[in-house]
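Reader: I have a new structure to read and would like to learn how its parts fit together. Can we go through it by question and answer?

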Amino acid sequence: MTYQPIQNYGIIGNMYTTALVGRNGSIDWFCFPHHDSPSVFASILDENKGGYFKIAPAIPDVTYKQLYWPESNILITRFLTSDGVGEIVDFMPVGLGENEIGYHSLIREVRVVRGSMTFLAECEPAFNYCRDEHEIDITPKGACFYSSTLNLGLATDIPLEPQNKGVCAKFTLEAGQIAVFVLQGTEAGAGCGLPIKPSQATELFKHTVNYWRNWLSKCTYRGRWREMVERSALVLKLLTFEPTGAIIAAPTCSLPEGIGGERNWDYRYTWIRDAAFTLYGLMRIGFTEEAEKFMEWIENRCEELNPDGTLQIVYGIDGRHVLTEETLDHLEGYRQSRPVRIGNEAYQQLQLDIYGELMDSVYLYNKYGTPISYELWTQLRKLINWVCNHWQMKDQGIWEMRGDEQAFVYSRLMCWVALDRAIRLADKRSFPAERQHWLEIRDKIYEEIMEKGWNKERQAFMQYYGSDTLDAANLMMPLVFFLSPTDPRMLKTLDAMNKPPDQGGLVSDNLVYRYNVDETHDGLEGEEGTFNICTFWLVEALTRAGHLDKKRLESARLMFEGMLGYANHLGLYAEETGATGEALGNFPQAFTHLALISAAWNLNKALGEQE
């Protein structure tokens with residue numbers, strides 16, 4: 001096998017786990033049973049030993065197409081040849097009870113819609129990130145894979161044969177015929193499970209279509225670019241963990257931010273920051289149930305603060321605190337991008353901005369969702385008082401720098417947001433609070449940012465106090481109502497950023513870098529692409545500035561619509577976009593899709609007022 005471009009993948013899932021399916025019909029990333037479980041298929045991280053499950057035509061001249069069934073997370077991979085047209089329908093059934101057929105299964109329904117087609121199916125698992133050996137038991141109804149940590153069954157009526165560390169099958173279907181493969185967990189000695197008949201697979205397909213249609217019908221967005229907004233919402237739903245309401249940052253680990261580089265991280269966890277923004281994005285377009293579940297998760301975390309009274313920046317999807325980072329040196333990494341990391345040592349970092357994002361999401365939830373409890377308020381009050389005492393500390397910042405700690409402007413900004421929203425919430429709900437003290441600290445932070453964060457020579461807000469480099473995170477200033485979007489300082493900062501890097505800016509062909517890696521000592525080597533979320537932040541900042549300046553609004557629209565063209569064929573975004581338009585970093589990324597939703601909502605509203 002050879003590595004596919006990251007943008008060649010689609011995603012399926014069931015709110016417990018997900019799988020990446022390539023346009024060539026190969027599942028190259030699959031963790032089971034949960035998002036953050038060890039991988040079963042990981043050929044996206046090592047083409048030779050990572051493990052995969054591929055079903056594709058057995059001839060070379062094939063045209064591949066891939067699409068989602070409308071308004072769903074059911075993926076269709078279509079093969080067009082001179083002899084016929086075949087397709088795989090990949091999905092994980094959702095909305096089922098534990099004892100129902102298809103529960104926690106991955107279903108691959110192979111069918112031919114015209115002519116005939118011979119397929120080759122290959123299933124070669126590599127358990128526990130390719131570290132555990134396994135045994136294979138082939139039966140007339142499929143194959144069982146037994147490892148020391150996990151057992152899987154592949155149930156099918158298609159006869160299987162041994163191949164390397166897995167099984168294979170070559171079979172021919174005529175128009176109208178269907179073959180079904182079901183991958184599911186199994187107990188040792190319990191067999192691989194009974195195959196699902198084509199008629200049962202069709203019923204599960206219909207059930208799953210109806211589930212996604214019903215879920216998406218709750219979406220209140222009716223504006224421009226609706227299909228892209230709805231696809232982003234569907235992605236975000238896949239990245240939730242149903243038992244706890246947690247929302248993962250991305251379903252993958254160690255997909256590189258630069259090919260051959262070391263900027264490779266595990267994103268299968270719940271960042272307070274990312275999840276708070278996601279809550280806002282989902283609530284904005286009507287998905288209040290997900291917001292409620294996440295608030296329960298937040299409340300649980302607030303009841304288990306660190307001994308020093310702080311929150312961690314990131315937790316496991318089950319709420320666990322320790323996310324020990326390790327490198328998998330036996331894996332070569334995507335296109336030889338080492339190291340491959342699992343776990344994330346950022347859980348030990350200090351990032352002061354999370355308190356602002358947390359309080360902003362709680363404030364919005366209290367306003368547009370359900371009023372928060374007194375018990376939650378008592379925990380939030382402790383956090384705010386901690387912020388009052390520690391906001392002047394240096395930290396690693398939103399971008400999780402692995403270099404020296406700094407007095408990042410964005411961290412100070414979000415400390416201001418934390419206090420501002422806490423004061424508003426206390427007044428709105430008449431909660432007990434140290435109001436006068438909070439007010440004094442809030443105003444002190446504001447004045448310090450305006451004095452020390454502003455660079456008179458460059459006429460822009462800088463990355464941290466004393467620096468002369470820009471940071472796209474400061475685009476959040478008008479978005480969190482710290483500054484008016486038409487404040488002269490904000491407009492000058494926008495103008496400074498909206499220039500090519502060789503002119504001191506952060507924008508290349510309407511795509512935005514988060515900062516200049518040559519000017520910022522982030523403790524890492526190598527290059528990175530433009531950050532997709534930052535592009536959407538710039539769109540939103542220009543949109544708000546365009547209230548009085550139609551040219552800026554026009555620029556925002558052109559930038560937004562241009563950015564839509566950098567999604568992959570399914571409307572999915574990775575964390576970054578490379579120099580030639582390729583997807584880089586973990587994929588798909590929640591942060592990017594929620595920023596798309598927010599930018600679309602605000603831009604559509606602004607254009608509606610203009611037209």
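Author: Yes. One definition comes before the rest: domain bounds come from an automatic or database domain assignment. Keep in mind that this is a predicted model.

Reader: Which domains does the assignment give?

Author: The assignment splits the protein in two parts. One covers residues 6-214 and the other 219-606. They are called domain 1 and domain 2.

Reader: How many Å separate the centres of domain 1 and domain 2?

Author: The centres are taken over C-alpha atoms. Between domain 1 and domain 2 the separation is 35 Å.

Reader: What area do domain 1 and domain 2 bury between them?

Author: The size of an interface is often given as the accessible area lost when the parts come together. Here 64% of that area lies on carbon and sulfur atoms. The total for domain 1 and domain 2 is about 3,400 Å².

Reader: How far apart are the closest N and O atoms of Arg320 and Asp36?

Author: Two salt bridges are counted between domain 1 and domain 2. A salt bridge needs a side-chain nitrogen of Lys or Arg within 4 Å of a carboxyl oxygen of Asp or Glu. Arg320 and Asp36 form a salt bridge, with their closest N and O atoms at 2.9 Å.

Reader: Which element gives the most residues to the side of domain 1 that touches domain 2?

Author: Several elements give two or more residues to that side, among them β2 (18-22), β3 (26-31) and α2 (198-216). The top contribution is five residues, and it comes from β1.

Reader: How many nonpolar residues does that side of domain 1 have?

Author: Sort the side by class. Seven residues are charged and 13 are polar. The nonpolar count is 19.

Reader: Which strands stand at the edges of the open sheet β26-β27-β28?

Author: The three strands are paired antiparallel, in the order β26-β27-β28. An edge strand has a single partner, so one side of it is left without a neighbour in the sheet. That describes β26 (530-531) and β28 (583-584).

Reader: Which residue of β27 stands opposite Phe531?

Author: β26 and β27 run antiparallel and are joined by two bridges. Opposite Phe531, in β27, stands Glu576.

Reader: Which residue takes a positive phi in the hairpin of β13 and β14?

Author: β13 (residues 161-163) pairs with β14 in the antiparallel sense over three bridges. The hairpin has two residues between the strands. The positive phi, near 50 degrees, belongs to Asn164.

How values were computed
Residues numbered from 1 in each chain as written. Predicted model: local features only at pLDDT ≥ 70, side-chain atom pairs only at ≥ 80, totals over all residues. Heavy atoms only, no water. Buried area = accessible area lost by both parts, 1.4 Å probe. Helix = DSSP H or I, 4+ residues; strand = E, 2+ residues; numbered from the N terminus. Nonpolar A, V, L, I, M, F, W, Y, C, P; charged D, E, K, R; others polar. Pairing = 2+ DSSP bridges.
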